[in-house]
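Trainee: I have a model to go through. Can we take it piece by piece?

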Amino acid sequence: MAQQMATYKQACKLITPIAEASVLNNIRCAHRAEYRHGDRTGCLKGTRTAVLDQIELWTRDFDKPPVYWLNGLAGTGKSTITQTIAERIFADGQLGASFFCSRDFEDRRDLHFIFPTIAVQLARKYTKFRSIFVPLVQSDPAIIDESLYNQMKKLIVEPLEESSIPTVIVIDALDECKDVEPASAILSVLGQFVSEIPKVKFFLTGRPEPRIRRGFGLPLLAKATDVFVLHGIESSRVDSDIQLFLRRSFLEIAERQGGLDGWPTREQLNLLCERAAGLFVYAVATVKLIDHRNKNPKKQLDRLLLLPKNTVYEGKIKVKENTTLDPLYASILQEAFGDDDPMDDPMVRSVLGAMILAANPLSPSAISTLLGFDTEDVFPLLSSIHSLLILQEDTDQPVRPFHKSFPDFIIDPTRCINERFHVSPPSHHPELLIGCLNLMNRTLEKNMCKLPDAVTNSEVPDLRERIDRYIDSALQYACKSWHKHLVDEHTV
């Protein structure tokens, strides 16, 4: 064995730089997955400063957990933040490799491209890593096609262990990879090896979809991970960043076009910020809509603000490569329900309809009660599109869309063209009305709150507590809101 190792090390010394380059160039990798490729843009200077500073501190502190999950709902700006972090830590010499997953490209949504692509980047950057990696691949080219476990162990972990290189590896949008495992396959493998390479940090982003949450919840990975919930940032701070983005974007348009002094007004900016409602992708789409080369931007903005508060125009504007709001929502629904039994489609539409058309946000348990479903079926259904919702683990807490653009999309048949997911208000308001009436007929009874005889409401100091104790949220909703589903079937 000692003789074999000596022969191997001697062979390593004989590999020329040209031979190394040839080996690296011939390894099957994902095309344009690195942060320097594509048309990705970083954060506007002065925005997202709190989250960027926190992540940068983590990259420098090797006493912190080795894994960082930037957890964000759809459209909250995860990829833009990741691009900025990659640029910053590259400038500091810390970035070893980056991989931006994308469902729009076959190689960038295939899990088996991630580790080889990262390994090649590490080999190009670090001489020590390359001197170990190249002979390894030359001696066993089939490694590239092995399981994810073997890929990470042989292509990344073992060379990093032997070279002792401190570095940061960035992987963006794990949720966009095709993955059949109940818990993310990549995260499952990472959890098994992360403790073996203590000088290496992994910065990962992904929507909180079920398999991503399960992956980060695995015991080996959970204790090694810091989590930043992007959509949990104080709304005033996010609004301030969005307003700064809008103001600077419009200033650039005004300087380029000319004749737009004093445009837009503070009131117009405030209205746009209100409509964005914390969704950076919406703000980007709005700017692109207004900055049309053949149209007057002032008239475009006036026309947009005069429209009803829907998102039909923004939904069709490209906000990054091959991605607009509408295809983003369609792809999330398809991924969540596309392979399920079509017999379940009516239930999917009913639950989504109840969530979107309710006069006030309903909890999963209340939706179940009103529609006659089991909570055990409704909560997993909603969890499968968690990245579009504000959804708590407690099934008695209200659920609601993260942004108004999703309800706008799903009730518009010209936008949500897949009939399996389209919610029609004229069909679903009557369903909710009937659910409310049936529930009241079944459960209402005299003096449900067990009030003393001959008292008025104002004379009962604990009336609110009694209502919550004796009347569940579904029945409260039915009593207060049944008429709204009768009066206006088009209310959203």
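The questions below go from a strand to a loop residue to a helix pair.

Mentor: This is a predicted model: local features need pLDDT of at least 70, side-chain atom pairs count only at pLDDT 80 or more, and totals for chains, interfaces and linings use all residues. Residues are numbered from 1 along each chain as its sequence is written, and side-chain values use heavy atoms, with hydrogens and water left out.

Trainee: Is strand S1 (residues 67-71) largely enclosed or not?
Mentor: Strands are DSSP runs (E, at least two residues), numbered from the N terminus. Buried means under 20% relative accessible area (1.4 Å probe, protein chains only). Five of the five residues in S1 are buried, so S1 is largely enclosed by the rest of the structure.

Trainee: Which residue in S5 is the bridge partner of Asn71?
Mentor: Strands pair if DSSP finds at least two bridges between them. S1 and S5 (residues 225-229) run parallel, joined by five bridges. The partner of Asn71 in S5 is Val229.

Trainee: What is the relative accessible area of Ser184?
Mentor: Ser184 lies in the loop between strand S3 (167-172) and helix H8 (185-193). Beyond four places in sequence, Ser184 contacts (heavy atoms within 4.5 Å) Asp179, Arg211, Ile212 and Gly215. Ser184 is buried, at 2%.

Trainee: Which handedness does the crossing of H20 and H22 have?
Mentor: H20 (residues 425-443) and H22 (residues 473-487) pack at about 140 degrees, axes 8 Å apart. A crossing is left-handed if the near helix is turned anticlockwise from the far one by less than a right angle, right-handed if clockwise. This crossing is left-handed.

Methods. Buried means under 20% relative accessible area, exposed over 50%, partly exposed in between (1.4 Å probe, protein chains only). Helices (H or I, at least four residues) and strands (E, at least two) are DSSP runs, numbered from the N terminus. Axes are lines fitted to C-alpha atoms, for helices over the stretch in contact, and angles run from 0 to 180 degrees between N-to-C directions.
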